[in-house]
Amino acid sequence: WNGRIDWHASDRDQFALSGFYTKLAQTSPDASTGAQPLSDLPFKPLTSSATFIYIHTFGPNLINEARGNFTRFSDNQITDAGTSVDYGIPRFEVQGFTFGRLYSGPTWGSTTPALLAQNTYEARDTVIQTIGTHTIRYGAQYRWEQDNDNLSGFSRPDYVFQGIWNYANDAPIFESLAADPNTGSVANGQRHYRDHNIAAFVQHDWKVTQNFTLNTGLRWEYFEPIYNKG
């Protein structure tokens with residue numbers, strides 16, 4: 001779904017508000033298990049975005065455009081699964097066959113299951129000035145990104161067995177899972193990553209003659225190293 005509203009408040013002021021909303025719903029069967037229903041991985045993320053624009057005309061030679069954006073991507077794979085997938089079942093692998101391995105249970109990984117929550121906020125401003133045959137644009141941008149994902153899927157174990165008899169006797173040759181080394185309990189997969197991006201630019205368009213225009217510009221950007229809140 002997508003929508004936009006434009007409002008010409010006056011000859012000098014224009015406003016716009018737009019947004020979109022996207023809902024994905026897929027099953028993602030696991031071919032390695034023969035598409036067993038208990039190995040399906042439903043994925044139903046929600047993506048939404050909104051933009052606000054304000055354009056003010058100071059005069060015939062000076063215009064300012066301010067813009068603010070927000071985007072969010074989120075999903076809860078535990079809720080997506082409902083009763084169709086049991087993440088309490090480990091991943092089982094039986095090896096030693098000429099054709100490869102037998103697999104059962106949901107795929108093992110950090111995102112099975114995952115709680116995803118990612119936000120991006122952005123503000124930018126651009127000034128457009130005309131002086132004779134010269135058009136100059138000045139601008140700045142600030143972006144703040146949040147990544148609050150909880151990737152705790154590795155806390156669900158993965159077992160590998162050598163042959164069907166070891167599988168029947170519950171005697172794996174390999175086990176893997178993520179655990180808190182201090183307590184032995186489920187590992188903490190929750191993160192609160194943050195970073196900020198800052199940019200500024202100036203652009204000069206000079207119409208030297210009727211059929212020749214010279215464009216020059218300079219842009220500076222700073223990408224902050226990612227860090228974990230707290």
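Helices and strands here are DSSP runs, numbered from the N terminus, with at least four residues (H or I) for a helix and at least two (E) for a strand. On that basis D170 falls in the loop between α2 and β10. The model is predicted. This briefing covers an open four-stranded sheet, a nonpolar surface patch, several residues with their surroundings, and some backbone details.

**Open sheet**

- Four strands make an open sheet in the order β6-β5-β9-β10, and their pairing is mixed.
- The edges are formed by β6 (100-104) and β10 (174-176), each of which pairs on one side only.
- From one strand to the next, the twist averages 15°.
- Strand β5 (residues 91-97) runs parallel to β9, and five bridges join the two.
- Within that pairing, V94 is placed opposite F161 of β9.
- Strand β9 (residues 158-162) runs antiparallel to β10, and three bridges join this pair.
- V160 faces F174 in β10, and D158 faces S176 in β10.

**Nonpolar patch and helix α2**

- F99, L102, I164, W165 and Y167 make a nonpolar surface patch of about 580 Å².
- Helix α2 (residues 163-168) contributes the most to this patch, with three residues.
- One of the patch residues, I164, is located in helix α2.
- I164 has a relative accessible area of 39%, so it is partly exposed: the partly exposed class lies between the 20% and 50% limits.

**Buried serines**

- S74 belongs to strand β4 (residues 62-76).
- S74 is classed as buried because its relative accessible area is 14%, and buried means under 20%.
- Outside its neighbours within four places in sequence, S74 has contacts with P45, L46, L116 and A117.
- S155 sits in the loop between β8 (134-147) and β9.
- S155 also counts as buried, because its relative accessibility is 16% and the limit for buried is under 20%.
- With neighbours within four places in sequence left aside, the contacts of S155 are L177, A178, V186 and A187.

**L151 in the loop between β8 and β9**

- L151 is placed in the loop between β8 and β9, the loop that also holds S155.
- The relative accessibility of L151 is 34%, so this residue counts as partly exposed.
- L151 and T111 are 40 residues apart along the chain, while their C-alpha atoms are separated by 5.5 Å.
- T111 is also among the residues that L151 touches, together with S110, A114, L116 and G189, when residues up to four places away in sequence are not counted.
- L116 appears in the contacts of L151 and in those of S74.

**G3 in strand β1**

- G3 is part of strand β1 (residues 2-8).
- Because its relative accessible area is 35%, G3 is partly exposed.
- Not counting residues up to four places away in sequence, G3 touches L17, S18 and G19.
- Y21 is 18 residues from G3 in sequence, and the C-alpha to C-alpha distance between G3 and Y21 is 9.2 Å.

**Backbone details**

- The peptide bond that leads from T112 to P113 is cis, with omega near 5°.
- P113 is located in the loop between β6 and β7 (115-131).
- S28 has a phi near 55°, which is positive although S28 is a residue other than glycine.
- S28 is found in the loop between β2 (13-23) and β3 (46-59).
- S28 is partly exposed, because its relative accessible area is 30%.
- D170 is not a glycine, and its phi is positive as well, at about 55°.
- The loop between α2 and β10 holds D170, and thus leads to a strand that is an edge of the open sheet.
- D170 has a relative accessible area of 60%, so it is exposed; the limit for this class is over 50%.

Note on methods:
Residues numbered from 1 in each chain as written. Predicted model: local features only at pLDDT ≥ 70, side-chain atom pairs only at ≥ 80, totals over all residues. Heavy atoms only, no water. Buried < 20%, exposed > 50% of the residue type's maximum accessible area, 1.4 Å probe, protein only. Contact = heavy atoms within 4.5 Å. Patch = residues over 30% accessible without salt bridge, like charges linked within 9 Å, V, L, I, M, F, W, Y side chains within 5 Å. Areas by Shrake-Rupley, 256 points an atom, 1.4 Å probe, with all protein chains shown as cover. Salt bridge = Lys/Arg side-chain N within 4 Å of Asp/Glu carboxyl O. Pairing = 2+ DSSP bridges. Axes fitted to C-alpha atoms, helices over the stretch in contact; angles between N-to-C directions.
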